[in-house]
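Consider the following model with its sequence alongside, and keep both in view while reading. The paragraphs below are meant to be checked against the coordinates step by step.

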Amino acid sequence: MTDRILILDFGSQVTQLIARRLREAGVYCEIHPFNRMDDKAIRAFAPKAVILSGGPASVTEVDTPRAPDLVFKLDVPVLGICYGQQAMCAQLGGTVEGSDHREFGRADVEVKAPSALFDGVWKPGGQYQVWMSHGDRVTKLPPGFRVIATSPGAPYAILADEDRHFYGVMFHPEVVHTPDGGRLLQNFALRIAGCRGDWTMKAFREHAIQAIRAQVGRGKVICGLSGGVDSSVAAVLLHEAIGDQLTCIFVDHGLLRQGEAEEVVGLFRGHYNIPLLHRDAADLFLQRLAGVHDPERKRKIIGATFIDVFDEEAHKVGGAEFLAQGTLYPDVIESVSFSGGPSVTIKSHHNVGGLPERMKLKLVEPLRELFKDEVRALGRELGMPDSLVGRHPFPGPGLAIRVPGPISRDKLDILRRADAIYIDEIRKAGLYDKIWQAFAVLLPVRTVGVMGDGRTYDHVCALRAVTSTDGMTADWYQFDHDFLARVATRIINQVRGINRVVYDVTSKPPGTIEWE
């Protein structure tokens with residue numbers, strides 16, 4: 001059995017990053033809300049160590065989150081991060097108080113004593129940059145603890161009880177703004193907890209195939225194939241596990257990129273020889289979307305229409321018991337608030353929600369333990385072409401949300417040609433793999449232009465490119481002006497209907513990556 005670390009989430013915005021750093025060290029881990037793991041569930045998980053995340057609450061207030069007491073009785077290492085450190089100290093006999101000296105952003109910690117947490121990373125007497133985000137601070141140590149590092153705003157910045165292997169840090173080692181944070185987490189997982197660091201995509205592949213076979217048995221499985229990375233990797237993994245028990249259904253909603261539908265059919269029906277039903281439903285989708293302005297209404301129409309069409313095609317398979325989805329770990333985490341409360345909807349996500357209940361199918365989600373970059377690694381492990389595995393993310397509603405305002409077939413055709421030119425130039429410049437996502441948007445405005453000796457009144461095309469690690473935050477990509485000039489010239493000269501090109505320099509936040 002692979003070594004596992006349990007991360008108990010107190011509501012930090014960056015808890016996912018703890019898991020990512022551990023996975024990068026070859027250690028399998030899972031995130032669970034602090035109040036959704038009772039003693040039985042924690043024992044069944046059998047963690048080699050426990051990490052308590054940060055969170056927005058204050059330990060000094062009444063009825064704020066606490067870790068299950070069992071965590072400190074398992075005889076395994078425990079690491080508390082920010083709020084997690086404060087909760088641990090309060091529960092083990094220390095004192096936490098509000099402070100007039102708050103620390104938000106970059107800070108320096110000074111190492112006061114050697115520790116297994118610092119081995120090979122930090123030395124006593126040295127000062128090291130970290131990322132702080134706290135108002136409260138520990139003012140009295142629990143029995144058995146000692147201070148091993150301080151900062152100007154946190155005299156007890158890092159605490160350790162080396163006998164019990166309990167550690168607490170006031171900063172966030174999981175974020176990139178703590179340059180050595182990943183190595184500290186690696187020390188905790190490998191040196192202190194003794195995890196083997198042997199969680200690899202090869203090991204996951206073997207485990208996932210066994211799990212799929214155990215769940216499915218001899219049953220039939222249908223898989224919604226979009227042509228994106230997630231559903232494609234899920235389909236190839238499923239086919240390796242159960243062969244012709246799998247049938248893929250590809251609903252072409254007419255909102256895909258140039259040549260994408262033909263590529264999907266050719267790859268899966270031809271190269272992989274996976275049973276595939278291909279339904280061209282572009283006319284139906286465009287008919288239902290005609291005249292619709294609101295982006296949320298577009299998404300709902302596309303989602304509902306997808307379910308209608310998918311249901312029709314699924315009945316052609318006959319006898320299917322399971323529905324496979326490319327659900328990823330961030331989707332699983334975000335679907336459960338640590339407090340059980342509602343979260344603000346920025347935009348709804350298009351998936352096949354509603355299908356399992358309507359069709360009385362059981363779900364198979366072979367990728368639900370993986371982050372996006374891990375899905376790509378699994379695809380490469382499965383021998384899938386990098387042109388597919390390394391493809392930029394593409395939204396479920398497709399080009400519908402890259403044409404703000406009402407959609408028409410003509411607008412989609414114009415956008416496809418402009419987008420293809422843009423991506424072609426990015427690839428020629430050797431920049432594709434340096435960019436998280438790049439695409440063109442056809443704006444709902446027209447401008448006056450001059451072509452030859454004639455006046456034009458045509459569409460504006462906006463170009464978007466961002467860098468990111470997980471899509472949660474993003475910075476706009478800084479192309480040089482010669483590149484942008486070259487792309488704009490090609491689009492205007494080769495795409496009839498566009499006479500002006502602009503570049504989007506908005507980061508996320510405040511903007512989203514997509515325009516709608």
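What follows is a walk through a few local features of this chain, with its backbone, its internal spaces and its charged pairs taken in turn.

The model is a predicted one, and every value given here is computed from it. A convenient place to begin is helix α1, which spans residues 15–24 and is mostly covered, with 9 of its 10 residues buried. The buried residues of α1 are T15, Q16, L17, I18, A19, R20, R21, L22 and R23, a list in which the arginines R20, R21 and R23 appear beside leucines and an isoleucine. After α1 comes G26, a residue whose phi is positive, near 80°.

Positive phi values also occur at residues that are not glycine. D75 has a phi of about 60° and is placed in the loop between β3 (49–52) and β4 (78–81), where its relative accessibility of 75% means that D75 counts as exposed. C82 likewise has a positive phi, near 55°, and is found in the loop between β4 and α3 (83–91). Is C82 buried or exposed? With a relative accessibility of 5%, C82 counts as buried, because the limit for that class is under 20%, whereas D75 counts as exposed.

Further along the chain, strand β7 (residues 146–151) and strand β8 (residues 154–161) run antiparallel and are joined by 4 bridges. The connection from β7 to β8 is a hairpin of 2 residues, and within the pair A149 stands opposite I158 of β8.

The interior can be examined next. Rolling a probe the size of a water molecule over the atoms shows where empty space is left. In this model the count comes to 2 cavities of 30 Å³ or more. The largest cavity has a volume of about 50 Å³, and its lining consists of L79, L117, V169, F171, P173, L184, L185 and F188. Helix α4 (residues 181–192) gives the most to that lining, with 3 residues. Which classes of residue line the largest cavity? The lining has 8 nonpolar residues, with no polar and no charged ones.

The second largest cavity holds about 30 Å³ of space and is lined by G227, S232, E263, V264, L267, F268, L388 and R391. Here the largest share of the lining, 4 residues, comes from helix α7 (residues 260–271). By class, the lining of the second largest cavity divides into 4 nonpolar, 2 polar and 2 charged residues, while that of the largest cavity has no charged residues.

Charged residues lead on to the salt bridges. Side chains of opposite charge can pair when their charged atoms come close. Across the whole structure, 34 salt bridges are found. In one of them, the side chains of R205 and E240 meet with an N to O distance of 2.8 Å. This pair links distant parts of the chain, with R205 in helix α5 (residues 201–216) and E240 in helix α6 (residues 229–242), 35 residues apart. E240 has a relative accessible area of 32% and is therefore partly exposed.

A salt bridge also joins R279 to E312, whose closest N and O atoms are 3.0 Å apart. This pair, too, links distant parts of the chain, since R279 lies in strand β12 (residues 276–280) and E312 in helix α9 (residues 295–317), 33 residues apart. Both partners are partly exposed, R279 at 22% relative accessibility and E312 with a relative accessible area of 44%.

Helix α9 also holds a local pair. K316 forms a salt bridge with E313, the closest N and O atoms being 2.9 Å apart, and the two residues lie 3 residues apart in α9, about one turn of the helix. The partners fall into opposite classes: K316 counts as exposed at 58% relative accessibility, whereas E313 is buried, with a relative accessible area of 3%. Beyond such pairs, D424, E425, K428, R486 and R490 are linked in a network of salt bridges.

The last stop is the segment after β18 (498–503), where P509 lies and where P510 is also found. A cis peptide bond joins K508 and P509, with omega about -15°, and the peptide bond from P509 to P510 is cis as well, with omega near 15°.

Technical notes. Residues numbered from 1 in each chain as written. Predicted model: local features only at pLDDT ≥ 70, side-chain atom pairs only at ≥ 80, totals over all residues. Heavy atoms only, no water. Pairing = 2+ DSSP bridges. Buried < 20%, exposed > 50% of the residue type's maximum accessible area, 1.4 Å probe, protein only. 1 Å grid on protein atoms, 1.4 Å probe; cavity = no way out; pocket = protein on both sides within 12 Å on 5 of 7 lines; lining within 4 Å. Points joined across faces, edges and corners; volume = space filled by probe spheres on them. Nonpolar A, V, L, I, M, F, W, Y, C, P; charged D, E, K, R; others polar. Salt bridge = Lys/Arg side-chain N within 4 Å of Asp/Glu carboxyl O.
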